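Student: I have a structure open and do not know how to read it. Can we go through some of its features in turn?

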Amino acid sequence: MRSAFINTLIKLARKDKRIFLLTGDLGFSVLEGFRDEFPDRFINMGVAEANMIGVAAGLALSGKVVFVYSIVPFVTLRCLEQIRNDVCYQQLQVRIIGVGAGLSYGTSGATHYSLEDIAVMRAISNLSVVCPGDPLETEMALKESLSYAGPLYIRLGKGHDPLVYRKLEGFKIGKAISLRYGKDIAIISTGNMLPNANQAASLLKKQGVDVRLISMHTVKPIDKKTIIDIAKKTKAIFTVEEHNLIGGLGSAVAEVLAEQPAKVYFKRIAVTETFFKTIGSQDYLRSKFGLDANGICKTIIKGMRKIRHG
Amino acid sequence: MTKLKACLAGKCLSLAKQIRREIVSMHAVSRNSHVGSSLSVADILVALYFCVMKTNANNCGDKKRDRLLLSKGHASSALYAVLAKRGFFPKKLLSDYCVDRGKLPGHATINCVPGVEVSTGSLGHGLSIGAGLALAAKHDKNKSRVFVILSDGECQEGSVWEAAMFASQHKLDNLISVIDYNKLQGFGKTKDVVGLEPFGKKWAAFGWQVKEVDGHDMAKIIKILESVPFVVKKPSVIIAHTVKGKGVSFMEDSLAWHYKSPGPDELKIALRELA
């Protein structure tokens, strides 16, 4: 997703002179192309994220569209008040790009995990939260970001995220995408969980479970219409996210489900703790928390048994 | 000093007195805090808006305008009073300050009335935003300047120094910060809480050109503000030595008047002293 991000941004910046890119001293072997082509619109802000967001706000007040780039916790939690007051309160066209969604930096330890960001960013007024599911969704979100009014948080995976779509048309921030139209149960996935959710759907199909698969790339504003629609049409809904159980996609979907009449079994699949004692690769940690395709599949089968046994 | 300049300073002094009368009245009606902070910064704001800055009350979005960011957003009553006096909006709107259904918050809020450039209130935000504006002006080859007013207590925020480092690294000589150094902060004397001295040397070490001034000597404030940038390719900082609550004897240099607001009798005395 990182390369989809920068390659798209470079193309956009050739046509749109409003685009600035600020980084908190990260982006080695990712951002060089932009830096070299647009040196007067690229700033390495140093290790000073609060100032980075404030400067971005100043640039945006002058009519620039400003992308700020860093690893998720540093570009969200570290400078949260600047995001709230300088960017969101003033409704500025700042695009906060967080890389390393969820457990991407698995061996780095908890300082580098992003397991609270969706919850926290979702709570800030005026801020939309977009978690692309693959490189193509990333590209589409970036393109739309130029005309999107108000501030945006875009949560990316890392390098080498697999492609889920062969081609993608009609992407729109705030509008969920259906990838499979099964009628038994629904999986709603956000961000870098999409490939695993898709794989889990394939595994379930082999076991005779027909899955409606939704990519909820925009967690805020959430696509209520799609959620209410699948609540009517399927027996169970499972949300999948590489984020803490509290406040993320699962919570956002639960909020919608709780206020609509259809009764449907609902289960959140997410990371259940943040400060764990063992580290490991992203794949290792995903399987530990049941976020690999097999784990997702198991949780779903278990949930379906509960429905059957009432 | 030329006769003309002396006359200008005299006019500004009298304007500042009128602004102070507005401020105490606004705080008396709303019973809002921070009257002392507004009184301490009044002379600086008058000098900027009536002598130094290029502003356009008829077109707030004028790209060539100089910008004023009140990073110490709690002194918003002073800013509103000055903007009204300068013709940005009708004076009667000042009655909207910190009252039910009011539109003028206790901390400056962007576009709440024409002329308020940014939303502030949490300290330590303004200088970064100012640096961004100054950087954009440089990029766009726009000669407009950015003035950021900070409080002394505010300089305890780390983000101020992040911004200070950034501004000198990028040679933002169109960025000027003015520090309303009234020596009192929220819950004590600045020197007793977390002292700033040697304050000027700190700014100099961060790459800024520093000058100090009596923040209530109108002629000197105007002169120093008119001489920015002090050095080409360096941001300028003016440390303005001020008195919190300036102009009202019982409010001057008093911590209590960071919070208190004048009752009817106190207002009468204050207005008499500011006549």
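Student: Which residues does A:Ser145 touch, not counting residues up to four places away in sequence?

Tutor: A list of contacts shows what surrounds a residue once its neighbours in sequence are set aside. In this predicted model, A:Ser145 touches A:Phe67, A:Gln93, A:Arg95 and A:Leu152, with residues up to four places away in sequence left out. A:Ser145 itself belongs to helix H7 of chain A, which covers residues 135-145.

Student: Does A:Ser145 count as buried or exposed?

Tutor: Look at the relative accessibility and compare it with the cut-off. Buried means under 20%. A:Ser145 has 0% relative accessibility, so A:Ser145 counts as buried.

Student: Next, the sheet in chain A. In what order do the strands lie?

Tutor: Read a sheet from one side to the other, not along the sequence. Here 7 strands of chain A lie in the order E2-E1-E3-E4-E6-E5-E10, forming an open sheet with mixed pairing. At the edges are strand E2 (42-44) and strand E10 (218-220) of chain A, each of which pairs on one side only. On average, neighbouring strands of this sheet are turned by 20° against each other, direction ignored.

Student: Which helix packs on the sheet?

Tutor: Helix H1 of chain A, residues 2-15, packs on the sheet. Helix H1 touches strand E1 (19-23), strand E3 (65-71) and strand E4 (94-99) of chain A, and its direction makes about 145° with that of E1(A).

Student: In which sense do strands E5 and E6 of chain A pair?

Tutor: For a pair of strands, check the sense and then the bridges. Strand E5 (residues 128-130) and strand E6 (residues 152-155) of chain A are parallel, with 3 bridges. Within this pair, A:Val129 stands opposite A:Tyr153 in E6(A).

Student: What unit do E6(B), helix H8 and E7(B) make in chain B?

Tutor: Follow the chain from strand to helix to strand. E6(B), helix H8 (residues 218-226) of chain B and E7(B) make a right-handed β-α-β unit. Its two strands, E6 (residues 209-214) and E7 (residues 236-241) of chain B, run parallel and are joined by 6 bridges. B:Lys211 stands opposite B:Ile238 in E7(B).

Student: Into which domains is chain A divided?

Tutor: Take the bounds, then the boundary between the parts. Chain A has domain 1 (2-155) and domain 2 (177-308), with 26 Å between their centres, taken over C-alpha atoms. In chain A, 30 residues of domain 1 are in contact with 34 residues of domain 2. These domains bury about 2,200 Å² between them, 57% of it on carbon and sulfur atoms. A:Leu103, A:Leu115 and A:Arg122 supply 31% of the area that domain 1 of chain A buries against domain 2 of chain A, more than any other three residues.

Definitions and conventions. Residues numbered from 1 in each chain as written. Chains lettered and ligands numbered in written order. Predicted model: local features only at pLDDT ≥ 70, side-chain atom pairs only at ≥ 80, totals over all residues. Heavy atoms only, no water. Helix = DSSP H or I, 4+ residues; strand = E, 2+ residues; numbered from the N terminus. Buried < 20%, exposed > 50% of the residue type's maximum accessible area, 1.4 Å probe, protein only. Contact = heavy atoms within 4.5 Å. Pairing = 2+ DSSP bridges. Axes fitted to C-alpha atoms, helices over the stretch in contact; angles between N-to-C directions. Right-handed = clockwise from strand over helix to strand, strands pointing away. Domains from an automatic or database assignment. Buried area = accessible area lost by both parts, 1.4 Å probe.
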